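I opened this notebook to record what I looked up in the structure, entry by entry. My aim was to keep each entry short and tied to computed values.

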Amino acid sequence: MISVSNVSKVYALASGDFIALKETAMQVRKGEFVAIMGPSGSGKSTLLQLLGGLDQPTTGNIVVDGIDLTKLNEKERTLFRRKKVGFVFQNYQLLPMMTVGENIALSLTANNTPKNEINTIVQKLLSEVNLQDKESAFPSQLSGGQQQRVAIARALAMKPSLILADEPTGNLDQKNSEDILKLLSRLNKEEKITVVMVTHDQQAAQVADRIIVVRDGMIVEEGHKGGYRNEKVANRMA
Amino acid sequence: MKKWQIAWRNLMRRKMRTFLSMMSIVIGVASTFGVIAAVNTAEKAFPIFLKEAIAKADFNIAGTEAYFSEDNYKQMSSRKDYESVAMLKQNTKLVTKEKDISSIQKRVVITGYSQLETTVTGFKVMEGDLKAKGAVITDRTAKVWGSKIGDTVSFNTDKGVKTIKITAIVRYTKDLMGPSSWNMAKYHHWAVAVPLPTVQNWFDLNGKIQAIQVKAISHNQLDAVENELDHFVKSNKGVYMQPMIINFDTAFKDLNTFFLALYIAGFLGIALSAFIIFNSLYVSIKERKSEFAVLKTIGYTPGQLQGMVLTEVLLVAIIGTILGLTVGYGLAHGLKLLIFMVYGVQSNSSMVLATGLIVSILAGLLVPILSSWYPIQKVGKTSVIEVLKDNKAIQSRHSKWLGIVGVLFILSSFFIKHLILVLPLLIGITLVFPYLFKLFSFILKAFYRLIFNFSGDVAIRNLNRNIGRASMTSVILSLGIAMIVLMSTLNSALLQSYEKMINQSYGGNLDVMFHHIEKEDLDIIKHIDGVKDAATYSLQGIVWNLDGEKRMLPVYGVGAEWIDRFPLFSVSNGSQSALIKSLKNDEIILDQTSFATWGGKIGESITLDTIHGEKTFKVVAMVNTMKNSGYGAFMSEKNFKENFGVNYERNTLVIKEAQMSPLQLRENIYSKFGGRIEEMWGPEDWVSMIGGTITASFSMVNALVILGIIVSGIGIANTLLINIMERVREIAMMRAVGVTHRQIIGMILLEGFGIGLAATVIGIMFGILLIYLTSTFMQVNSLTFEFGVSWMIIAIIALFGLAVSIISSIAPATKAAKIKLSDALRYE
Ligand SMILES: Nc1ncnc2c1ncn2[C@@H]1O[C@H](COP(=O)(O)OP(=O)(O)OP(=O)(O)O)[C@@H](O)[C@H]1O
Ligand SMILES: [Mg+2]
């Protein structure tokens, strides 16, 4: 599903170049749930953004679902994001002037999907994230957990094959975090959506099939679900 | 000085915004200073110019026949308490090597003066010597002719070619009024001054003169001189005396309205700058909330923080004002030159700067301080959340009252019968604008969603989110558009009304003014090729004693037998001839302008100087005319001659054959009479002359307003940039979930377009209201103009307003599309 080879990301700063990612390589299989962990500033978000085509790597190739992202132009990358990827952010990033329903429909409207079609999709997604009664509420009227569920529903609108979540539970309490993780896990299991999630939370990381640890712009460890290594990795990061 | 240093550093941190605020102060100060200084200068210079140009002399002695004996002058020339000069004018043709010049363009009026160096004419020598007994021309004429001192000029007179040396070049003066180019010579003759004996010799008029001009040595002696002259004309047959009078109010009739319009346009400049300052300060304070919070925690009091911001505002204001004064000085100069040019005033008078300086400095400092009041208040507040909440509550409470006050302002403008109504109306519009904007955006919503899908939908939502800011941006553009709708419509309405009136009351297709008309002339004219009909009339400026003040009233002697064919005025009912026939010896008709100047009622009397002394005339009717720009009175021919004793006529009205061109007709008539013709004017000349003045005046006002509209485009750009800055993350998120570049650009463009569209639609609506309101009292030469809207003008203005809004949205839109997703989405 995802194949990252030889990827570096260099930011040009006034004080000189800053290397955020160094010669990184990794693979994610279709239907896999991968957690990325690592200390602050290690390059997790940078890696996630590259996977989602939000930015271009300085060197190396990223192939997602057979598409080499480094070969796409701006417009093609936009359409790639629209059709293949669902983003979930730590701070939800909902549009305050739109209702829950309208927020969920955002990429559909941008795609000029017909009204009635949008409507059925939104209804389905609302029940999927268990927010049927909130369709015409505004984000400011929802709790953090509810907002994050709206964000996940929005990410699902175009039936993406990949969900990229950057600390989706970072702003949530225990209970809400569990709900969100359950939801992501269920989408991964039932809908066969590949999930890559950045997190600081070892418990969160436990739902993943595999944990990747990034430090100083390099992947330093990998562990597998249920395996000793995976737990050890998660514990150490916590 | 540390305080100022900190302020300066803070300003430099936000260069773009500081620059915009500074620009807006510069524009506000410059337009205020420029307009006030230019208008003040013109107000001071115009009367002086008129006095100098038209009436350097105090009295004029003229004959009841075309010429009278020079002996009259010799009798009085020994007096000590006044200076006098005898004059004799003749028309002739210039001999010139200039190519492709028609004989009309060669017309010259030669005036013989008994004395060329005298305070009566006040010629100001630039080169040469007035005593040298040669020809005197103005610098303007010398330039067109390419003449120097010592060159000769020749004239093709009826008595052969006469040549004279040019011995003096003087500064341009009304006494020697002449065209500014060969082309203008089609409309006006050249003028040359020579010693009196020269004219008398050349034209076989020895011992003859036609006028004596008199100037009192000192102003105190005016009455004594008048008595002497009175006595003198009574003891000499065939001459009469008139004081030289300037009717300032009629000479520059529409000037005050024009100046007021300029002031209002200047006021727009200030309003604009207030708005931009408010907007950018408001935002930069919002931006710096966390900075202020930090300063507070380390012990800054709210007062100190406010002082800090105030220092920044003052710094921008002071620098902006200084720059604005510099720019404004240039603007004032340019505007002064334009105004003087349009009104044909020649003057080297110095600029009147004091009032402009005071007002614009006050405006430049106070407007920024006042418009920063509200934002600075917010600096004192602690909690971010509190500030936001407070703000909302206060705003909605406030604006309700402001809305009501706004409606009252708008209503009050319905009762003001003066162009000044524009001010309360504009203030009213500003106050109710947020409501109108909301209403408009509601209507716009459906339209945007339908046509522009995603981008339109998001754009309209964004507009509604910051409706206060959007409507503030919009209102300025809207005011500019309302003003320009009014001004352009007034311009074309005035032109049309004038043109219609001039054609209706010109009395034919051409008015030929002779030196004097001989008995057989009328018959000769009637037989000229292209002439269908002709009639002669008398016209004389008569002294009118109005409330103890002397004025000059042009009085026409009209024949009842021709007035219907050659209408010099229009009547509301009945015929012109019936009206003229019904006039008794002591009855007179006034035109609308003189009637308004007089202020009396039909049936009351006016007092005029006649050859039999002061006499009252009953005003029996008021008529409309635009003859000679419309100011005068009408009497029957017979009564005119009996009362004013002018026994010769000078003007002939000509109606042309349909297929004859106006220019060919002039050539035909001129070739018959040549030098005896002084002027030929057709209605088309008046239309283009008056039209030119009106259009040029309006253009100046419009240029200022258009400048305002363009700058309000900067306001739109500013607002959009602020919006984008606030929503960087949102935009990045949209891009992340698959909204394209073009959709983002479309979204911002549509946001700007929405602001512009609202401004245009609302502005045009109020513009039309303004037209309606002004049409209820505005008068074109005392004729109210009819309420009418030119959809052509409206369409052009609408396109302009929309173009400005779109163009100013382009830069913000591309900026929004260029937002770096990876940066914007990073969570701090
Ligand atoms: N646009 C940029 N310009 C310069 N440096 C950047 C830029 N974006 C990220 N960096 C740097 O790259 C490094 C990696 O950043 P990144 O956001 O990927 O870290 P992270 O692992 O997600 O950290 P956190 O856990 O705090 O979110 C950081 O040191 C950051 O300062
Ligand atoms: Mg991160």
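The entries below cover chain B as a whole, a surface patch on it, and the ligand site.

**Entry 1. Model and chain B**

I noted at the outset that this is a predicted model. I then looked up the overall dimensions of chain B: along the principal axes, its C-alpha atoms fill a box of roughly 105 × 60 × 55 Å. For secondary structure I recorded 25 helices and 23 strands in chain B. I also checked burial, and 56% of the 828 residues of chain B count as buried.

**Entry 2. Nonpolar surface patch**

Which residues make the nonpolar surface patch of about 970 Å²? I listed B:Trp401, B:Ile404, B:Val407, B:Leu408, B:Leu411, B:Phe414, B:Phe415, B:Tyr772 and B:Phe787. I next asked which element gives the most to this patch. Helix H13 of chain B, residues 384–412, does so with five residues.

I took B:Leu408 as a single case, since this residue is found in helix H13 of chain B and belongs to the patch. Is B:Leu408 buried or exposed? I recorded it as exposed, because its relative accessibility is 52% and the cut-off for exposed is over 50%.

**Entry 3. Surroundings of ligand 1**

I turned to ligand 1 and found 16 residues around it. The ones that come nearest are A:Ser40, A:Lys44, A:Thr46, B:Asp823 and B:Arg826. I entered the site as shared between chains, because residues from both A and B surround ligand 1.

By residue class, I recorded the shell around ligand 1 as five nonpolar, seven polar and four charged residues.

**Entry 4. Polar contacts of ligand 1**

I looked up individual atom pairs next. A polar side-chain atom of A:Lys44 is 2.7 Å from an oxygen atom of ligand 1. For A:Gly41 the partner is a polar backbone atom, with an oxygen atom of ligand 1 at 2.8 Å. A:Tyr11 places a polar side-chain atom 3.4 Å from a nitrogen atom of ligand 1.

I then checked coverage: ligand 1 has 630 Å² of accessible area on its own, and the protein covers 75% of this area. Which elements give two or more residues to the shell around ligand 1? I noted strand S1 (2–13), strand S2 (16–28) and helix H1 (44–51), in chain A. The largest share of the shell, three residues, comes from H1(A).

Notes: Residues are numbered from 1 along each chain as its sequence is written. Chains are lettered from A and ligands numbered from 1 in the order in which they are written. This is a predicted model: local features need pLDDT of at least 70, side-chain atom pairs count only at pLDDT 80 or more; totals for chains, interfaces and linings use all residues. Side-chain values use heavy atoms; hydrogens and water are left out. Patches are made of residues with over 30% relative accessible area and no salt bridge: like charges are joined within 9 Å, nonpolar side chains (Val, Leu, Ile, Met, Phe, Trp, Tyr) within 5 Å. Accessible areas come from the Shrake-Rupley method with a 1.4 Å probe; for residues, only the protein chains shown count as cover. A salt bridge is a side-chain nitrogen of Lys or Arg within 4 Å of a carboxyl oxygen of Asp or Glu. Helices (H or I, at least four residues) and strands (E, at least two) are DSSP runs, numbered from the N terminus. Buried means under 20% relative accessible area, exposed over 50%, partly exposed in between (1.4 Å probe, protein chains only). A residue is near a molecule or strand if one of its heavy atoms lies within 4 Å of it. A polar contact is a pair of N or O atoms within 3.5 Å; within protein, one must be able to donate a hydrogen and the other to accept it, and residues adjacent in sequence count only if both atoms are side-chain atoms. Ala, Val, Leu, Ile, Met, Phe, Trp, Tyr, Cys and Pro count as nonpolar, Asp, Glu, Lys and Arg as charged, and the others, Gly among them, as polar.
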